[in-house]
Protein chains: 2
Amino acid sequence: MVDKTPSADIPALPTPLEQSKAQFIRRWGEMGGYWGINRTMAEIHALLFVSTEPICTDDVMAKLMISRGNASMNLRSLVDWGLIERIHLRGDRKEYFVCRTDVWEMFETIVRQRRRREVEPIVETIEHCKAMVNDIKPKAADADAEDVQVYKQRLDEMHKFLDAFGTIVDLMVKLGPGSLQRLSGMMTKLVK
Amino acid sequence: MVDKTPSADIPALPTPLEQSKAQFIRRWGEMGGYWGINRTMAEIHALLFVSTEPICTDDVMAKLMISRGNASMNLRSLVDWGLIERIHLRGDRKEYFVCRTDVWEMFETIVRQRRRREVEPIVETIEHCKAMVNDIKPKAADADAEDVQVYKQRLDEMHKFLDAFGTIVDLMVKLGPGSLQRLSGMMTKLVK
DNA sequence: TATTCCTTTCAGAGATTATTGAAAGAAACA
DNA sequence: TGTTTCTTTCAATAATCTCTGAAAGGAATA
């Protein structure tokens, strides 16, 4: 453990580099809120994303001014999501963390998780709901008849849409980093 | 205003159709939570999505067992999002609501809003952050030099990625309902 | 204009989620 | 083994978000 502080407890004005990073971190955190990810977790992720060197829990605590517990929990979540990694530095007992900086990998990871958590459950439910109304179709020829038809149709459309959407995202992920550009080229032609 | 209740205050067992709808509504609501949309708002949306007929505030209150205020606020949000519409029925003073049932339109609407709220702000911030470190580049040739380089590069990659992603989503929306299927076909060939 | 019917608003209550800090746990070291 | 150093956990607290219900606001009707 080396004390990197230049001259002990002088606060030191933030450099433009630090200011810029701080701004990015703040905004990334805010956006996290929109995504059902908590702000702190997103901020930690951003902090690691803009850090050249590995960072330990105490660094995170100091830079974001949060408690040890909070830092620990959110770092763990980020590891669970697969967005950051634990590493160990020779001669240092502490754990350090680094961010997967390849934005494509990041995207892939996030898309996979969100799909599993947010798309698959609703698809399963739709299938189940369809089955429920299919089973009892022959019996009820009453006033509901049209209602049932419309309902089934809507579920069907939603189902197809979600399937197609999932497929395309899968393929994008499989195709890798270049696919967005390639696709965008293809689609531009298609549009004409 | 016609009283549709079959025989007044007999609760009536839920039909399979009603059960199925209820299940869909519930799940759609849960998923809303993941998307930074509140559960109730998502449930109202689902309720309208599976309803053949227009629905008024009292219907929403009754079916979801929520207060008038809650129903009113969330209905308004859904209108603001462009996911549902207010309509008026002849001879009835109440306002009714219907859902845009075309899943493609729904997707388009959601994507537009989310892009504006979640992608554009971060892109602006990245541009701003890049400018901040560009302006001061010539001066600082000290130890930060490499750090600045890496930082700029990462911001750049993120920027490019977000741009490309936005482009492709735009194109998908422009191409309309068939594009997912078409694209998925094209991409499947590409993969081989 | 007064009345009725319906909608919106918003302060307070309630529910949920995030954060802290201290205690327990785990791993390296001597 | 005991000690040190670091990490995790979790009950209590704080912050945030959501919901209610009653009051105020509007618009159609008489």
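Start by selecting H4(B), which gives the most to the surface near DNA strand C, with five residues. A residue counts as near a strand if one of its heavy atoms lies within 4 Å of it, and helices (H or I, at least four residues) and strands (E, at least two) are DSSP runs, numbered from the N terminus.

Before going on: this is a predicted model, where local features need pLDDT of at least 70 and side-chain atom pairs count only at pLDDT 80 or more, while totals for chains, interfaces and linings use all residues. Residues are numbered from 1 along each chain as its sequence is written, chains are lettered from A and ligands numbered from 1 in the order in which they are written, and side-chain values use heavy atoms, with hydrogens and water left out.

**Stop 1: DNA strand C**

Now show everything around DNA strand C. You should get 18 residues, the closest being A:Thr40, A:Ser67, A:Arg93, B:Arg93 and B:Glu95. By class there are three nonpolar, eight polar and seven charged residues; here Ala, Val, Leu, Ile, Met, Phe, Trp, Tyr, Cys and Pro count as nonpolar, Asp, Glu, Lys and Arg as charged, and the others, Gly among them, as polar. Of the strand C atoms within 4 Å of the protein, 62% belong to sugar or phosphate, and the rest to bases.

Zoom in on the phosphates for polar contacts (pairs of N or O atoms within 3.5 Å). A polar backbone atom of A:Ser67 sits 2.7 Å from a phosphate oxygen of DNA strand C. The side chain of A:Asn70 has an N or O atom 3.1 Å from a phosphate oxygen of this strand, and for a polar side-chain atom of B:Arg76 the distance to a phosphate oxygen is 3.3 Å. The elements giving two or more residues to this surface are helix H4 (68–81) of chain A and helix H4 (68–81) of chain B.

**Stop 2: DNA strand D**

Hop over to DNA strand D. Again 18 residues surround it, and the closest are A:Arg93, A:Glu95, B:Thr40, B:Ser67 and B:Asn70. Which helix gives the most to the surface here? Select H4(A): it gives four residues. For the phosphates, pick the side chain of B:Thr40, with an N or O atom 2.4 Å from a phosphate oxygen of DNA strand D. Then try B:Asn70, where a polar side-chain atom lies 3.1 Å from a phosphate oxygen of DNA strand D.

**Stop 3: A:Phe49**

Next, select A:Phe49 in helix H2 (residues 39–49) of chain A. Is A:Phe49 buried or exposed? It is buried, with a relative accessible area of 1%; buried means under 20%, exposed over 50%, and partly exposed in between (1.4 Å probe, protein chains only). Leaving out residues up to four places away in sequence, its contacts (heavy atoms within 4.5 Å) include A:Phe24, A:Cys99, B:Arg154 and B:Met158.

**Stop 4: H1 of chain B**

Last, pick out helix H1 (residues 16–34) of chain B. Its 19 residues at 1.5 Å each should span 27 Å, and the end C-alpha atoms are 28 Å apart, which agrees; the expected span is 1.5 Å times one less than the number of residues. Colour the buried residues of H1(B), among them B:Leu17, B:Phe24, B:Ile25 and B:Trp28. They pack against helices H5 (103–135) and H6 (144–175) of chain A, plus H2 (39–49), H3 (57–64) and H5 (103–135) of chain B. Just after H1(B), look for B:Gly36, which takes a positive phi of about 70°.

Technical notes:
A polar contact is a pair of N or O atoms within 3.5 Å; within protein, one must be able to donate a hydrogen and the other to accept it, and residues adjacent in sequence count only if both atoms are side-chain atoms.
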